[in-house]
Amino acid sequence: MDQPFNPFSLGGRRVLVTGASSGIGRQIAIHCSRMGAQVLACGRDQARLDAVMDELQGEGNIALRGDLTADEGIAAVVAQAGTLNGVVHCAGISRLAPIKMVNARHLREVGAINFDAPVLLTQRLLAKGSIAGGGSIVFISSIAAHIGVPGVGIYSASKAALIAMMRCLAMEVVKRGIRANCLSPALVESPLLDATEQLVGSLDAERGNYPLGFGKPEDVANAAVFLLSPASRWITGTTIVMDGGLTIS
């Protein structure tokens with residue numbers, strides 16, 4: 001009996017997911033495996049990474065422990081990656097501070113994880129020819145790249161830089177049929193949101209600004225699967241804003 005048509009299938013594809021040990025990255029790794037992909041899950045926390053691996057479906061999934069802010073960490077991931085059909089850059093941090101309180105350490109820490117790491121990892125993978133023709137590269141940006149929010153200027157800048165870089169990258173790799181896109185989610189119920197709530201207090205008032213409520217990691221994972229799959233073969237150089245209606249309300 002013929003298999004039902006499914007343009008969103010990731011069967012036969014190998015997908016590298018960074019930041020896969022928690023939050024959005026964890027859910028994207030799980031969703032990719034459910035859609036048939038062989039997943040290379042990359043993270044820094046071995047215990048959490050092991051827990052994610054236990055949830056992945058299929059065979060041949062690989063755990064890659066490494067610090068992508070270090071050159072040797074990137075080199076180790078590239079050495080083990082093999083040929084990839086998709087890459088999703090999820091690793092990221094948020095450090096809240098108004099611009100008048102920002103210092104050089106703050107700039108370096110946020111930039112190293114949110115911008116430098118995904119750019120340098122992508123560069124190494126492309127230089128080695130590890131991303132197959134027809135592949136897809138997805139960067140997780142943020143709604144903070146599109147709107148002004150007090151206290152998140154450096155985080156916003158790092159995520160906006162990803163979008164600008166991605167547009168240029170898309171033009172550079174299109175001749176090989178490789179696509180590059182961004183997802184810009186607003187507040188998502190994740191460990192990062194929990195940490196923010198502990199720092200600033202209740203987010204109930206902010207929740208009221210979202211007609212569809214805060215997002216869930218599954219919402220972003222579904223969009224990532226779309227951008228990795230053949231269903232989005234005609235989409236490159238774009239950013240999908242996912243904000244539950246925040247910016248239209």
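This note goes through the fold, the nonpolar cores and a few single residues of a predicted model.

1. Overall make-up. The protein chain holds eight helices and seven strands. Its radius of gyration is 17 Å, close to the 18 Å that the globule rule gives for 249 residues, so the chain is as compact as a globular protein of that length. The C-alpha trace spans about 55 × 40 × 40 Å along its principal axes.

2. Burial and surface. Of the 249 residues, 46% count as buried. The accessible surface of the protein chain comes to about 12000 Å². Carbon and sulfur atoms account for 55% of that surface.

3. Contacts along the chain. Consider the contacts in the protein chain with a separation of 6 or more. Residues 24 or more positions apart account for 72% of them.

4. Charges. The protein chain has 21 positive and 20 negative charges. The mean positions of the two sets are 7 Å apart.

5. The largest nonpolar core. This core has 29 residues. Val 17, Ile 28, Cys 32, Val 39, Val 88 and Leu 183 are the ones that touch the most other members. At least two residues each come from strand 1 (14-17), helix 1 (23-34), strand 2 (38-43), helix 2 (46-55), strand 5 (131-140) and helix 8 (217-228). Helix 8 gives the largest share, seven residues.

6. Val 88 and the second core. Residues up to four places away in sequence are set aside here, as they are for the contacts in the points below. Val 88 then touches Val 15, Leu 16, Val 17, Thr 18, Ile 28, Val 138, Ile 140 and Leu 228. A second core, separate from the one above, has 27 residues, including Leu 16, Ala 81, Ile 137 and Cys 182. Leu 16 is thus a member of the second core and also a contact of Val 88.

7. The loop between helix 8 and strand 7 (239-242). Ser 232 is placed in this loop, and Ile 235 lies there too. Are these residues buried or exposed? Ser 232 has a relative accessible area of 0%, so it is buried. Ile 235 is at 25% relative accessibility and therefore counts as partly exposed, since the partly exposed class runs between 20% and 50%.

8. Contacts of that loop. Ser 232 touches Arg 179, Phe 226 and Leu 227. Ile 235 is in contact with Arg 179, Asn 181, Phe 226 and Leu 227. Arg 179 and Ile 235 are 56 residues apart along the chain, yet their C-alpha atoms are separated by 7.3 Å.

9. Ser 33. This residue lies in helix 1. Its relative accessibility is 5%, so Ser 33 counts as buried. The residues that Ser 33 touches are Val 39, Leu 56 and Gln 57. Val 39 was named above among the core residues that touch the most other members.

10. Gly 43. This residue lies in strand 2. With a relative accessibility of 6%, Gly 43 counts as buried. Which residues does Gly 43 touch? They are Ser 21, Leu 49, Leu 64, Arg 65 and Gly 66. Ala 29 is 14 residues from Gly 43 along the chain, and the C-alpha atoms of the two are separated by 11 Å.

Note on methods
Residues are numbered from 1 along each chain as its sequence is written. This is a predicted model: local features need pLDDT of at least 70, side-chain atom pairs count only at pLDDT 80 or more; totals for chains, interfaces and linings use all residues. Side-chain values use heavy atoms; hydrogens and water are left out. A nonpolar core is a set of buried Ala, Val, Leu, Ile, Met, Phe, Trp, Tyr and Cys residues joined through side-chain atoms within 4.5 Å. Buried means under 20% relative accessible area, exposed over 50%, partly exposed in between (1.4 Å probe, protein chains only). Helices (H or I, at least four residues) and strands (E, at least two) are DSSP runs, numbered from the N terminus. Contact means heavy atoms within 4.5 Å. The radius of gyration is taken over C-alpha atoms; the globule rule is 2.2 Å times the number of residues to the power 0.38. Accessible areas come from the Shrake-Rupley method with a 1.4 Å probe; for residues, only the protein chains shown count as cover. Lys and Arg count as positive and Asp and Glu as negative; His and the chain ends are not counted. The place of a charge is taken as NZ of Lys, CZ of Arg, CG of Asp or CD of Glu.
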